[in-house]
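Open the structure in your viewer and keep the sequence beside it. The stops below say what to select next and what is there.

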Amino acid sequence: MSNSSLAQYHLWTSKHSGTRTEKISKIANHHMAGNLSRSAMESIIRSDRQMSCTYAVYTDGTIEQFVDEAYRSWCTSSNWCDQRAITIEVANDSGEPNWHVSDKAMASLINLCTDICKRNGIRNVTYTGD
């Protein structure tokens, strides 16, 4: 198992459940519900909040990694999902009702998802919306 070489920054957190019990077969993308900067996201990761994600993609397209892909992050509130998924939080450059994601963030997200799929043998990608 490896991590993406696309991540420009790493802030390793202990907020994970250790080694996965399932093979990586999913990607769980989630929007941040805000245009969080690196420092804001890092502040959340360092806080007492019991949450983490594998990667974050910021509005400028920068990618940061918090949890090694070998470990289960605390992202979706679903052990079943988090054991199988690489979890990605994506910054929004506008708010409700559309929660727009910038073109740079979207391009980086697509590149990151492609990289994850290639490295983990994920051949069929289906958007489920949940």
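**First stop: a facing pair**

Select tyrosine 9 and look across to strand S5, where glutamate 64 stands opposite this tyrosine. What you have open is a predicted model. Now widen the selection to S1 and S5 (residues 63-65): these strands run parallel to one another and are paired over two bridges.

**The sheet**

Add the other strands of this sheet. Five strands make up an open sheet with mixed pairing, and going across it you meet S1, S5, S4, S7 and S3 in that order. Which strands stand at the edges? They are S1 (9-10) and S3 (26-31); each has a single partner strand, so one side of each has no neighbour in the sheet.

**The largest core**

Next, select Tyr55, Val57, Ile88, Val90 and Leu112. Within the largest nonpolar core, which has 16 residues, these are the ones with the most contacts. Colour strand S4 (55-57), strand S7 (85-90) and helix H3 (103-120), since each of them supplies at least two residues of this core. H3 gives the most, with six residues.

Stay with this core and centre the view on valine 90. What is valine 90 in contact with, leaving aside its neighbours within four places in sequence? The list consists of His30, His31, Met32, Val57, Val101, Ala105 and Leu109.

Apart from the largest core there is another one, of 13 residues. To find it, select Leu11, Leu36, Tyr58 and Val67, which are among its members.

**The whole chain**

Clear the selection and show the protein chain as a cartoon. It has three helices and seven strands. Traced from the N terminus, the elements follow the pattern β-β-β-α-β-β-β-α-β-α.

Zoom out until everything is in view. The C-alpha atoms fill a box of roughly 35 × 35 × 25 Å along the principal axes. The radius of gyration of the protein chain is 14 Å, and this agrees with the value near 14 Å for a compact globule with 130 residues.

Colour by burial if your viewer allows: 45% of the 130 residues count as buried. Then switch on the surface of the protein chain. Its accessible area is about 7,200 Å², and carbon and sulfur atoms hold 49% of it.

For a last view, display the contacts with a separation of 6 or more. Of these contacts in the protein chain, 73% join residues 24 or more positions apart.

Definitions and conventions
Residues are numbered from 1 along each chain as its sequence is written. This is a predicted model: local features need pLDDT of at least 70, side-chain atom pairs count only at pLDDT 80 or more; totals for chains, interfaces and linings use all residues. Side-chain values use heavy atoms; hydrogens and water are left out. A nonpolar core is a set of buried Ala, Val, Leu, Ile, Met, Phe, Trp, Tyr and Cys residues joined through side-chain atoms within 4.5 Å. Buried means under 20% relative accessible area, exposed over 50%, partly exposed in between (1.4 Å probe, protein chains only). Helices (H or I, at least four residues) and strands (E, at least two) are DSSP runs, numbered from the N terminus. Contact means heavy atoms within 4.5 Å. Two strands pair if DSSP finds at least two bridges between them. The radius of gyration is taken over C-alpha atoms; the globule rule is 2.2 Å times the number of residues to the power 0.38. Accessible areas come from the Shrake-Rupley method with a 1.4 Å probe; for residues, only the protein chains shown count as cover.
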